[in-house]
Amino acid sequence: MTRNAPPRWDRKMQQRLARGEAAALGELYDRFASLVHSQAHRMLDDETAADLVTREVFGYVWENPDAYDPRQGSMRSWVARLTHRQSVRRLREEHGHHDVPDEDGSGLEERVHRATVAARADYIVAAMPAPLRAALELAYIQRRDYRQTAADLGVTEDEARRRLRLGLQLLSTAHTRTLEGTSPPGYGRPL
């Protein structure tokens with residue numbers, strides 16, 4: 001398999017969706033609905049709007065399975081990009097296309113940027129390997145130091161530090177990629 005080839009599941013899923021297999025949509029929904037809904041909710045801070053974005057994203061996938069380009073990444077990342085674009089579209093519709101400051105002084109584009117960073121961080125945490133996620137949760141949610149984290153995970157202190165360092169390095173990309181304007185390909189294309 002070449003480096004840019006999509007995983008087997010992604011290829012098969014795209015083929016099944018293209019054939020119009022309703023069961024494929026159900027399987028895709030079961031696998032990614034929580035990702036889509038949580039990302040949309042994080043960006044929109046509105047349960048009803050997140051439900052609507054979730055329906056729109058899966059409707060788009062069902063109607064346009066050939067829009068998935070495996071060269072741009074996994075099906076999971078494609079669905080996340082669709083969710084991001086649709087959520088940003090909803091934010092802009094809700095607030096108009098004008099960048100009028102809110103009560104806290106932040107404009108629409110600043111809110112979109114903050115929501116994008118937060119959603120990307122959520123996506124990174126959900127997609128990172130379980131050992132890294134477990135170390136971060138112990139250290140930052142349960143307020144354990146690296147020694148306590150090592151003991152809780154049953155690993156050496158050096159391994160706990162390594163996991164924490166790698167997890168934080170992954171998380172740091174949530175902010176830097178959006179600041180540098182290097183969002184994943186496809187963010188600017190219409191849903």
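This text describes salt bridges in the structure shown above. The model is predicted, so local features need pLDDT of at least 70 and side-chain atom pairs count only at pLDDT 80 or more, while totals for chains, interfaces and linings use all residues. Residues are numbered from 1 along each chain as its sequence is written, and side-chain values use heavy atoms, with hydrogens and water left out.

Side chains of opposite charge can pair when their charged atoms come close. A salt bridge is counted when a side-chain nitrogen of Lys or Arg lies within 4 Å of a carboxyl oxygen of Asp or Glu. A search of the whole structure finds eleven salt bridges.

Two of the pairs involve helix α8; helices are DSSP runs (H or I, at least four residues), as are strands (E, at least two), numbered from the N terminus. Aspartate 158 and arginine 161 both lie in this helix (residues 157-179), three residues apart, or about one turn. Their side chains meet in a salt bridge at 2.2 Å, N to O. Aspartate 158 is exposed at 52% relative accessible area, whereas arginine 161 is partly exposed at 32%; here buried means under 20%, exposed over 50%, and partly exposed in between (1.4 Å probe, protein chains only).

Glutamate 159 and arginine 162 are also three residues apart in helix α8, about one helical turn. The closest N and O atoms of their salt bridge are 2.6 Å apart. Salt bridges that share partners join Arg16, Arg19, Glu21 and Glu27 into one network.

Within that network, arginine 16 forms a salt bridge with glutamate 21, with 2.9 Å between the closest N and O atoms. Arginine 16 is buried at 19% relative accessibility, and glutamate 21 is partly exposed at 26%.
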